[in-house]
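Trainee: Could you take me through one part of this model closely, beginning with the places where a charge meets a ring and going on from there to the packing and the charged pairs?

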Amino acid sequence: MEIGTKIISLEEGWGVMEEGIAKMKRLVEGVPGEPQFNADLYMKLYTVIYNMCVQKPPHDVSDKIYGKYKETFEVYLRSRARPAIQQKHDVFMLQELVQRWKNHKVMVRWLSRFCFYLDRYYIPRKSLPSLDDTGKNCFREIIYEYLKVHLKNVVISLINQEREGVEIDRTMLKNALEIFVEMGANTVGGLGCYVDDFETAFITDTADYYSRKASAWIQEDSCPDYMIKAEECLKREKDRVTNYLHSSTEGKLLEEVQTHLLLNNAQRLFDKEQSGCTALLKDDKTSDLDRMYRLFSNIKNGLDPLSAAFKQHVTSEGMSIVKQVDDAVATSKKEDRAAAGLLEQSFVRRVIDLHDKYYAYVTGPFKKDSLFHKALKEAFEKFLNKSVGGSSVAELLAIFCDGILRKGGSTEKLSDDAIEETLDKIVVLLSYIDDKDLFAEFCKKKLARRLLFDKNSAEDEHERNFLSKLKLQCGGQFTSKMEGMITDLTVARENQSGYEEYVNSHDFAHPGMDFNITILTTGHWPTYKTIDLNLPTEMAQCVLSFKDYYQSKTKNRKLTYLYTLGSCNGLGKFQKKPVELILSTHQACLLMLFNSSDKLSYSEIRAQLNLTDDDVVRLLHSLSCAKYKILTKEPNTRSISQKDSFTWNADFTDKMRRIKVPLAPVDEKKKVIEDVDKDRRFAIDAAIVRIMKARKVLQYNDLVTTCVEQLSRMFKPDFKVIKKRIEDLISREFLARDEENPNTFKYLA
C-alpha cells in the first residue's frame, strides 16, 4: 500500500500504527520469537504519522494523533501494567514496578520516534507537553500516584533490612529510587517527588531507627565500642548514598545519624566512668580519641564537650603536679631544703613532659584544631600562674634555664640539640605565664651571674639563641637589656686587653698582682648593693692603676666598684701545707687583715672593713663556723657575736690543694619582686598617660580595660593597683576628674 499520495483518514492511518504498537508491546513484554523493528517498518510507521500531520485542513489530524498517543499509554498501563504490579507484594512488587517502568520508557522512546513530527511542529505551536513528558505523566498518574506510598514503605523496609545485615539487591533498589527522581523531573529543582514522597519519610524513619539503636548501645557498650559502631553506621550510610540513594540525601541523612547516635548522647558518652573521655585521656587511648574527634568534628559545636573535657583533664594533671610539689616543700625540714629545691626544679621538667604529651594530642588525634590549642593554652595558664612551693613559676623557669645554660655546673647534662629543644619548650611555657616581666628580671639576674662568673657564657651560642627565642616571643624590649649585657662583656674583654698592655708598657702602673676588671653599663645590668669597702693596700693599688688607665681612654665617666661581685684567688700559708683559696672580695679583704695582726676582735674587723653588722656576721660565719674553718673563733660557738675574737687557724688543712670557700647566698627574691613591682607602677603610669593622651576623655572602665590590654603582654596588672596609679596621676596633675561625672577622666596637656 502506498501512502502519501492520497488523503489518509485517522482510522486508516492509526490502524497501521496499532499494528506497530502491538509489535512494540510484544517486544517489551519479551514474547518469544518476536523479531525486532527493521528499518522498513520504522520508516513505514514514521511516514504514516508524518503524512497524516501534513495534510491540509480539514484533513490534518495532528490533535487527534496526539490524543491517540496519550490514550495508547493510558490503556496499556491500566489494563496490563498496573494489574501486573498489584498482583505482587513487597520486593516482588518492586521488581515488577522497576521492570514496568523500564518497559514504559522503551515504549515512550519508540512511539515518540514514530510521532516525531508532532514533537517538532505541532506541540511547540500549541504549547503542549512533549511526547516524552506526556508518556511520563501517564505513568505518574496511573501507576506512580496509585502505588507511591506502598513503594516508599517497601524501599524503606529493604533499607532497614540491610541495616540489620540482610543482603538486598542494591541495583534493583537504585532503579526503584530512580523512579521517584524521574517522576519529579519537571518539578522545581527536579527532586520534588523524591523529597516529598520518599526522602522526608526515609529521614524520619532513619531518626527513629538510630534513636532506638542509640538507646540500647549507650546502655550496653563502652565508649570506644559505641564509637566504633557509630563510625561504622556513618560509613554504611555514606555507602548507601553512593550505591542507590540520591546524592542530595547525604547531608540530611548523615546529620540525622550524627544527631541521634552522637549529639544526643554526647554527654552520657563522654561521662562514662570507666571508658569515657577522661578515661581515654588518662589511659592514653589515642586511637579512640582520634575516632572521637573524627566523629564529632562534623557536628556543629560537637567538639565543645570534648575540648572542655580535654581542658579539664590537662588542668587536673597540672594541678596535681603543683600540689605534689607544694606538699613536698611544706613537709620538708630545714636541712632538707636542698631536696625541696630539687623538687621545685623537677616541677619544670614534669611540666615540660606534660606539655609534650598533650601537645602531641593536639597535633595528633585532634588534628591541630584551634579549639584544642585554645583548651591546652587555657589549661596551662590555669596552673602555671599559681604559686608552686612558695615560688612563682616565672622564678622556677628562670632557675631551670640557668641550670640548662650554666657551664660546668649544669643540673642536666644535655647535648647541644637537646639544650636548644628544651629552651624552645621553656619559651612556649613562658607564653602561658602572666608575669613575664618577673621571669625577665629573674632571668636577667641569672644571666648576669653566668656572664660574670662563667667566663664562656658571653660567647656561648646557646645564650644568644635563647635571647633570640625570647625576643621572638615577647618582643625586643623584653631582651634589650640582656642583649646589652652580652655586648658589655665583649667590650669588657677589649678593656682588659688594653689594660694589660698598659701596665706591661708602664712599669710604674703595674699593681704587683694579676688584676681583672669588667666594665658594666649601669642601665643594662641588675642593680647591686654598693659598699664603700676599705680595701687592703695591695687591692687599692690595683684599683688606682686601672683608674689611671681608664681615664687615659675616656673622660667624664664615673666608675662605681661592685665589690660584692668580685672574687680573689689567694694562697693560705698553713703549717701542714699551703692551700690555694678561692674567695669573694670581702672574704679576701677580711683574711688579709691577719697578715698584720695575729688576733682581731669583731669590732676591729668591722671598723677596718667599714661593713655593716649583717655583712660582717655573714663573712665571719663563712670563715670560722662553716665547712672550712680558716679562722679560729673564741668562744667556740656556732654563732657570731660582737664579743667574739678571731685568730688565723694555722693548723687548718684539707685534702685538696685548691678549695672554694662558700659564702652564704643572699636571698635576692624579695628584692627582685620589689624591683618588678616598682617597674610595674612605672609601666602602668606610662600606659595610662599614653592612652589618655590619645583619647583625651575616657570613662574609668574603658581606661582600665584598655590599660590591661596594653600591658597584658608582659604582666597582668591588678585593678586595685591601676586605680591607685590613676589617683596618683591625678595628684600629679596628669589627669583630672570631670566635674559632672567623677567616673570620667580628662587628660591635662
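**Charges, rings and the core**

Mentor: In this predicted model, Arg163 lies over the face of Tyr209, at 5.3 Å from the ring centre. A further arrangement of this kind involves Arg113, whose charged end sits over the ring of Trp110, 5.1 Å from its centre. Arg163 also has a part in a set of charged side chains, since salt bridges that share partners join Glu162, Arg163, Arg170, Glu237, Asp239 and Arg240 into one network.

From charges over rings we can turn to rings paired with rings, of which a search of the whole structure finds 34 pairs. One of these is formed by Tyr293 and Phe366, a tilted pair with 6.3 Å centre to centre and 50 degrees between the planes. Tyr293 belongs to helix H13, while Phe366 is in the loop between helix H15 (337–363) and helix H16 (370–384), so the pair ties together parts that are 73 residues apart in sequence. Tyr293 counts as buried because its relative accessibility is 10%, under the 20% limit for that class, and Phe366 is buried with a relative accessible area of 0%. Helix H13, which spans residues 286–297, also holds Arg291, and at 16% relative accessibility this arginine counts as buried too. Leaving out residues up to four places away in sequence, Arg291 touches Met227, Ile228 and Glu231.

The tilted pair is part of a wider grouping, for Tyr293, Phe310, Tyr358, Tyr361, Phe366 and Phe372 form one aromatic cluster. Within that cluster, Phe310 deserves a separate look: apart from its neighbours within four places in sequence, Phe310 is in contact with Leu281, Tyr358, Tyr361, Val362, Phe366, Phe372, Ala375 and Leu376. Phe310 is also named, together with Phe347 and Phe439, among the residues with the most contacts inside the largest nonpolar core, which has 162 residues. Helix H6 (residues 131–163) gives the most to this core, with 13 residues. A second, separate core has 43 residues, including Ile519, Leu591, Leu611 and Val661. As background, nonpolar side chains tend to be buried together in soluble globular proteins.

That leaves the charged pairs, and here the search of the whole structure finds 47 salt bridges. Asp685 and Arg725 meet through their side chains in one of them, at 2.9 Å from N to O. This pair links distant parts of the chain, with Asp685 in helix H26 (residues 669–695) and Arg725 in helix H28 (residues 719–731), 40 residues apart, and both partners are buried.

Lys633 and Asp644 form another salt bridge, at 3.4 Å from N to O. Lys633 is in strand S4 (residues 631–634) and Asp644 in the loop between S4 and strand S5 (645–648), so that distant parts of the chain, 11 residues apart, are linked. Lys633 is buried, with a relative accessible area of 5%, and Asp644 counts as buried at 3% relative accessibility.

The salt bridge between Lys471 and Glu483, at 3.8 Å from N to O, joins helix H20 (residues 461–474), where Lys471 lies, to helix H21 (residues 476–505), where Glu483 lies, the two residues being 12 apart. Here Lys471 is partly exposed, with a relative accessible area of 40%, and Glu483 likewise counts as partly exposed, at 27% relative accessibility.

Methods
Residues are numbered from 1 along each chain as its sequence is written. This is a predicted model: local features need pLDDT of at least 70, side-chain atom pairs count only at pLDDT 80 or more; totals for chains, interfaces and linings use all residues. Side-chain values use heavy atoms; hydrogens and water are left out. Helices (H or I, at least four residues) and strands (E, at least two) are DSSP runs, numbered from the N terminus. Buried means under 20% relative accessible area, exposed over 50%, partly exposed in between (1.4 Å probe, protein chains only). Contact means heavy atoms within 4.5 Å. Rings of Phe, Tyr and Trp (its six-membered ring) pair if their centres lie within 6.5 Å; planes under 30 degrees apart count as stacked, over 60 as edge-to-face and the rest as tilted. A charge sits over a ring if NZ of Lys or CZ of Arg is within 6 Å of the ring centre and within 35 degrees of the ring normal. A nonpolar core is a set of buried Ala, Val, Leu, Ile, Met, Phe, Trp, Tyr and Cys residues joined through side-chain atoms within 4.5 Å. A salt bridge is a side-chain nitrogen of Lys or Arg within 4 Å of a carboxyl oxygen of Asp or Glu.
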